[in-house]
Amino acid sequence: MSSATDTSTGAVNEGRAGARPDTRTTRPRVLSLVQPTADSLHLGNYLGALRQWVPMQDDHDAFYGVADLHALTVEQDPKQLRQRTLRSAAQLIAAGIDPEKSTIFCQSHVPEHTQLAWILSCLTGFGQANRMTQFKDKAARGLGDQASVGLFTYPVLMAADILIYRADRVPVGEDQRQHLELTRDLAARFNHRYGRTFVVPEPHIVASVGRIADLADPVGKMSKSASSPAGIIELLDEPKINIKKIKSAVTDSDREIRFDVDQKPGVANLLTILSALSGTPVETLVESFAGKGYGDLKGAVADAVAETGGAFRERALGLIEERTELEAILAAGAERAREIASAVVAEVYDKVGLLPPAQGRSR
């Protein structure tokens, strides 16, 4: 794992003196990261975000990575965090993120992220940071006075993640929209104070596949933090485990298969999952199940999940087991990321008035 950092340890100092320029192509640049806070991504992650990142590689200069620094905002077991970071990277690739098309990297392998975050934190008003609703939500969920300063300021690090690559677009869900607005504010503020430096990024609203709900409690969202083990489909679980969960999914006492989120949330959730995996409109699915029962619907959903998850699981576990290829991909991604990030930090440091390091003197 350390090779990604060790191979470019001189990039920071070189960057201050004049790093290699941003290698931006003529395509717009997109960036998105996943947090390594679970052993496996779940079906909601895959359908709602990850799968939709894949086609963006074809017409964007894509940067995708693992936000391992963000994971430190809550207490982590060090060994588990390292393993989950590898597993998250492997799952990006298993989902179809191609290292030949995209830059895949670990956030901590590019130390310029935290360098820029400090500069941006000095531009962020305390009141503005205090209005970030996700901090309030997470702190309210049992952290209380134990909430860290890192949790409070992590939207600023998120802004640095985006601005350091001058990303044009950021795939976001509704829960991240406020953080992207902070990023846009900070970019505009820096540009106004120090001259044009950052791209003010636009949100890329991913196409909605519908809300993927908890199988055991279909009123709630499928979530790694809120769902019970019976309600969440983990993509790296053995297929038989997920098939059992689907066949035990909560429905209702009626037998009619129709899409009604309010009256039949469990059935609506199963139809949403099957539609997203099969590409068949919900209305067409409802027609195809006319006269059939919930067992037929659950069986179809289980087959679709097993088909999609089987190839995903095989590829991801293969990369995890044989780490050489995965570590080489992350090392190459970090090298390219640092080429861009170090040049941006050099420019920022110069504009804010930081003294560049002295160059070596000849004897």
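**Figure 1. Lining of the largest cavity in the predicted model.** By class, ten nonpolar, four polar and three charged residues line the largest cavity of this predicted model. The space within the largest cavity amounts to about 110 Å³. Its lining comprises 17 residues, of which Asn 242, Val 305, Ala 306, Gly 309 and Gly 310 are the closest to the centre. Two or more lining residues come from each of helix H11 (239–247) and helix H14 (294–321). Helix H14 supplies the largest share of the lining, eight residues. Two cavities of 30 Å³ or more are counted in the model.

**Figure 2. Edge-to-face pair of Tyr 46 and Phe 312.** The model holds seven aromatic pairs. In the pair shown here, the rings of Tyr 46 and Phe 312 lie 6.0 Å apart, centre to centre, with 70° between their planes. Tyr 46 belongs to helix H3 (residues 43–53) and Phe 312 to helix H14, so that the pair links parts of the chain 266 residues apart. Both Tyr 46 and Phe 312 are buried. Helix H14, which carries Phe 312, is also the helix that gives eight residues to the lining of the largest cavity.

**Figure 3. Stacked pair of Trp 53 and Tyr 64.** The ring centres of Trp 53 and Tyr 64 are 5.0 Å apart; because their planes meet at 10°, under the 30 degrees that bounds this class, the pair counts as stacked. Trp 53 lies in helix H3, whereas Tyr 64 lies in strand E2 (residues 61–66), eleven residues apart in the chain. Trp 53 and Tyr 64 are each buried. Helix H3 thus holds Trp 53 as well as Tyr 46 of the edge-to-face pair.

**Figure 4. Aromatic cluster of Phe 63, Phe 105 and Tyr 165.** These three residues, Phe 63, Phe 105 and Tyr 165, make up one aromatic cluster.

**Figure 5. Surroundings of Arg 166 in the loop between helix H9 and strand E4.** Arg 166 is located in the loop that connects helix H9 (149–163) with strand E4 (169–172). With a relative accessible area of 14%, Arg 166 falls under the 20% cut-off and is therefore buried. Its side chain makes a polar contact of 2.6 Å with the side chain of Glu 347. The backbone of Arg 166 has a phi near 50°, a positive value in a residue other than glycine.

**Figure 6. Burial along helix H6.** Helix H6 spans residues 112–121 and is mostly covered, with seven of its ten residues buried. The buried residues of H6 are Glu 112, His 113, Gln 115, Leu 116, Ala 117, Ile 119 and Leu 120.

**Figure 7. Helix H12 and the glycine that follows.** Helix H12 (residues 265–278) consists of 14 residues and extends 20 Å from its first C-alpha to its last, close to the 20 Å expected at 1.5 Å a residue. Of the 14 residues in H12, 13 are buried, and the helix is mostly covered. Gly 279, just after H12, adopts a positive phi of about 80°.

Notes:
Residues are numbered from 1 along each chain as its sequence is written. Side-chain values use heavy atoms; hydrogens and water are left out. On a 1 Å grid over the protein atoms alone, a cavity is a set of points where a 1.4 Å probe fits but cannot get out, and a pocket is an open set with protein on both sides within 12 Å along at least five of seven lines; lining residues have an atom within 4 Å of a point. Grid points are joined across faces, edges and corners, and a volume is the space filled by probe spheres set on the points. Helices (H or I, at least four residues) and strands (E, at least two) are DSSP runs, numbered from the N terminus. Ala, Val, Leu, Ile, Met, Phe, Trp, Tyr, Cys and Pro count as nonpolar, Asp, Glu, Lys and Arg as charged, and the others, Gly among them, as polar. Buried means under 20% relative accessible area, exposed over 50%, partly exposed in between (1.4 Å probe, protein chains only). The expected span of a helix is 1.5 Å times one less than its number of residues. A polar contact is a pair of N or O atoms within 3.5 Å; within protein, one must be able to donate a hydrogen and the other to accept it, and residues adjacent in sequence count only if both atoms are side-chain atoms. Rings of Phe, Tyr and Trp (its six-membered ring) pair if their centres lie within 6.5 Å; planes under 30 degrees apart count as stacked, over 60 as edge-to-face and the rest as tilted.
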